[in-house]
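Colleague: Please take one part of this model and go through it closely. Start with that part, then show me how the rest of the chain is laid out around it.

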Amino acid sequence: MAENAVKLDPDPSPESRRYRLLLEITDLVARSKSLKEAFGELAAPVLALTGSELLNLSLYDMHRDCMLTHYWKRNEESGEFERFPVDEAATGWAWKHQEPIAIPDTEREQRFPTWAPVLLDHGVRSYVAIPMSTPAQQFGALGMGKNVAQAVDEEDVEFLSRVALMGALALEKEKYYRLYEEQQSLAEISRELSSTFEVEKLLPADRKSTRLNSS
């Protein structure tokens, strides 16, 4: 009996750990009420697995033409960056060009002179941002930073890309659900108005009938 039991690897490979975490993230994103709530739970394991210091979610705000960014850190600190114009943030570049972008050393970064100091203030020395998009919608970007200056890790980029895609699919689901609720509300209002109009059409006939009966 014991010979046929499934043997779990006590020390899974990095690839196995990433795969398991992706499965957990898929489940978490599917049942969470909001993407921010989901990221609040998955940030710690993602940071631990990748050896990163910071994970951030940046969404494009079309009304202000800027990136709204929420972050989570290894020490469980979380918060929001100030609003950044699209062209001044690495996540804005990733969203705009729909390509990953890497900053090997934030102390030497010159493309984003206002964004890099914010990362440095949070102990981030190297950083990568991945667009968060579906074929139908471009939502923003997902970023991850480490506390050492180094070239981008291709495995981290691949892993983060998968997380970003799941996040984008969740945002797309939220968007269509909101549209569905709005349509349902409009349909209900339309039914109520139609019912009201039908009653108003009947009123003159009722009044006329009443006058005839009284005479």
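Modeller: Here is a close look at helix α2, followed by some other places in the chain.

First, how to read the values. This is a predicted model, so local features need pLDDT of at least 70 and side-chain atom pairs count only at pLDDT 80 or more, while totals for chains, interfaces and linings use all residues. Residues are numbered from 1 along each chain as its sequence is written, and side-chain values use heavy atoms, with hydrogens and water left out.

Now the overall layout. The protein chain has 5 helices and 7 strands. Helices are DSSP runs of H or I with at least four residues, strands are runs of E with at least two, and both are numbered from the N terminus. The order from the N terminus is α-α-β-β-β-β-α-β-α-β-β-α. Of the 215 residues, 38% count as buried. Buried means under 20% relative accessible area, exposed means over 50%, and partly exposed lies in between (1.4 Å probe, protein chains only). Contact means heavy atoms within 4.5 Å. Among contacts in the chain with a separation of 6 or more, 54% come from residues 24 or more positions apart.

Back to α2. This helix covers residues 35-50. It bends by about 45 degrees at L42. The bend is the angle between two axes, one fitted to the seven residues ending at a residue and one to the seven starting there. A proline, P45, follows L42 within four residues.

Which residues of α2 are buried? They are L35, A38, F39, L42, A43, V46, L47, L49 and T50. One general rule helps in reading such a list. An α-helix has 3.6 residues a turn, so residues three or four places apart point the same way. Just after α2 comes G51, with a positive phi of about 70 degrees.

Next, the partner helix. α1 covers residues 14-31. The axes of α1 and α2 come within 10 Å and cross at roughly 175 degrees. Axes here are lines fitted to C-alpha atoms, for helices over the stretch in contact, and angles run from 0 to 180 degrees between N-to-C directions. The two helices are therefore roughly antiparallel to each other. That word is used for angles over 145 degrees; under 35 is roughly parallel, 65 to 115 is roughly perpendicular, and the rest is oblique.

Which residues make the contact? From α1 come R17, R18, L21, I25, L28 and V29. From α2 come A38, E41, L42, P45, V46 and L49. By class, the contact has 9 nonpolar, no polar and 3 charged residues. Nonpolar covers Ala, Val, Leu, Ile, Met, Phe, Trp, Tyr, Cys and Pro; charged covers Asp, Glu, Lys and Arg; the others, Gly among them, are polar.

Two exposed residues can be placed relative to α2. E24 is found in α1. E24 counts as exposed, at 51% relative accessibility. Its C-alpha atom is separated by 8.6 Å from that of L42, 18 residues apart along the chain. E76 sits in the loop between β2 and β3 (78-80). E76 is also exposed, at 72%. The C-alpha atoms of E76 and A43 are 33 residues apart along the chain and separated by 8.7 Å.

Further along the chain is S58, in strand β1 (residues 54-61). S58 is buried, with a relative accessible area of 0%. Leaving out residues up to four places away in sequence, S58 touches M67, L68, T69, T91, W115, F139, G140 and A141. The side chains of S58 and T91 are joined by a polar contact of 3.2 Å. A polar contact is a pair of N or O atoms within 3.5 Å; within protein, one must be able to donate a hydrogen and the other to accept it, and residues adjacent in sequence count only if both atoms are side-chain atoms.

T91 leads to α3, where A90, T91, G92, A94 and W95 are buried. The cover over these buried residues includes β1, β2, β5, α4 (115-121), β6 (126-133) and β7 (138-146). α3 is followed by Q98, with a positive phi near 55 degrees. Q98 is partly exposed, at 27% relative accessibility.
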